[in-house]
Amino acid sequence: MEYDNVREALGFLIDVNEGNRKDMDFNGELPSFEDLQETNREALYNVADLLGMSDLYLENSASK
């Protein structure tokens with residue numbers, strides 16, 4: 001999901017991380033740790049993009 005502003009993305013991250021895993025629907029299943037990690041990573045990458053700091057994650061992915 002792409003966010004239009006940092007506030008929207010951070011609100012999503014707070015909701016996801018304060019919510020109950022049982023209330024999350026990942027195709028009818030409970031999200032795994034990896035699902036939650038990927039959800040967080042995508043939102044954080046979007047925040048970095050909005051702030052003009054994509055180098056933070058591009059440098060990390062290039063070194064892997």
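**Reading the labels on a three-helix model**

User: Why does Tyr45 count as partly exposed?
Analyst: Its relative accessibility is 32%. Buried means under 20% and exposed means over 50%, so a value in between gets the label partly exposed. Bear in mind that this is a predicted model.

User: OK, and what is the overall layout, from the N terminus on?
Analyst: The elements run α-α-α, and the count is 3 helices and 0 strands. The C-alpha atoms fill a box of roughly 35 × 30 × 20 Å along the principal axes. Of the 64 residues, 20% count as buried. The protein exposes about 5,000 Å², with carbon and sulfur atoms supplying 51% of that.

User: How many aromatic pairs does the ring rule give?
Analyst: The count comes to 2. Let's take them in turn.

User: What makes the pair of Tyr3 and Phe12 tilted?
Analyst: The ring centres are 5.6 Å apart, and the cut-off for pairing is 6.5 Å, so the two rings pair. Their planes sit at 35 degrees. Stacked needs under 30 degrees and edge-to-face needs over 60, so tilted is what remains. As for cover, Tyr3 is buried at 6% relative accessibility, while Phe12, at 26%, is partly exposed.

User: Why is the Tyr45 and Tyr57 pair called stacked?
Analyst: The angle between the planes is 15 degrees, and the centres are 4.0 Å apart. An angle under 30 degrees counts as stacked, and the centres need to lie within 6.5 Å, so the pair passes on both counts.

User: What makes that a link between distant parts of the chain?
Analyst: Tyr45 belongs to helix H2 and Tyr57 to helix H3 (residues 55-62), with their positions 12 residues apart in the numbering. On the H3 side, Tyr57 counts as buried because its relative accessibility is 17%, and the cut-off is 20%.

User: How do you know that the span of H1 agrees with a helix of 13 residues?
Analyst: At 1.5 Å a residue, H1 (residues 6-18) should span 18 Å, and its end C-alpha atoms are 18 Å apart. The expected span uses one less than the number of residues, so don't multiply by the full count. H2 gets the matching check: it has 18 residues and reaches 26 Å, close to the 26 Å expected.

User: Which residues of H1 are buried, and what do they pack against?
Analyst: They are Ala9, Leu13 and Val16, and they pack against H2.

User: How do you know that the buried residues of H1 line one face?
Analyst: Look down the axis of H1: the buried residues fall within an arc of 70 degrees, so they line one face of the helix. Arg7, Asp15 and Glu18 are exposed residues carried on the face turned away from that buried side. At the start of H1, a side-chain oxygen of Asn5 reaches to within 3.2 Å of the backbone nitrogen of Arg7. The limit for a polar contact is 3.5 Å, so that pair is inside it.

User: Turning to H2, what makes Asn46 buried?
Analyst: Asn46 has a relative accessible area of 5%, and anything under 20% is called buried. Asn46 sits in helix H2 (residues 33-50). Leaving aside its neighbours within four places in sequence, Asn46 is in contact with Met1, Glu2 and Tyr3.

User: And why does Asn40 count as buried?
Analyst: Asn40 comes in at 18%, which is under the 20% cut-off, so the label holds. Asn40 is also in H2, and beyond residues up to four places away in sequence it touches Leu13 and Asn17. The buried residues of H2 include Thr39, Ala43, Val47 and Ala48 as well. After H2 comes Gly52, with a positive phi near 70 degrees.

User: What makes Lys22 exposed?
Analyst: Its relative accessibility is 67%, and exposed means over 50%, so Lys22 fits the label. Lys22 lies in the loop between H1 and H2. C-alpha to C-alpha, Lys22 and Val47 are 26 Å apart in space, with 25 residues separating them in sequence.

User: What share of the contacts with a separation of 6 or more comes from residues 24 or more positions apart?
Analyst: They account for 50% of those contacts.

Notes
Residues numbered from 1 in each chain as written. Predicted model: local features only at pLDDT ≥ 70, side-chain atom pairs only at ≥ 80, totals over all residues. Heavy atoms only, no water. Helix = DSSP H or I, 4+ residues; strand = E, 2+ residues; numbered from the N terminus. Buried < 20%, exposed > 50% of the residue type's maximum accessible area, 1.4 Å probe, protein only. Contact = heavy atoms within 4.5 Å. Phe/Tyr/Trp six-rings, centres within 6.5 Å; stacked < 30°, edge-to-face > 60°. Arc of directions from axis to C-beta. Polar contact = N/O pair within 3.5 Å; in protein donor to acceptor, adjacent residues only side chain to side chain. Areas by Shrake-Rupley, 256 points an atom, 1.4 Å probe, with all protein chains shown as cover.
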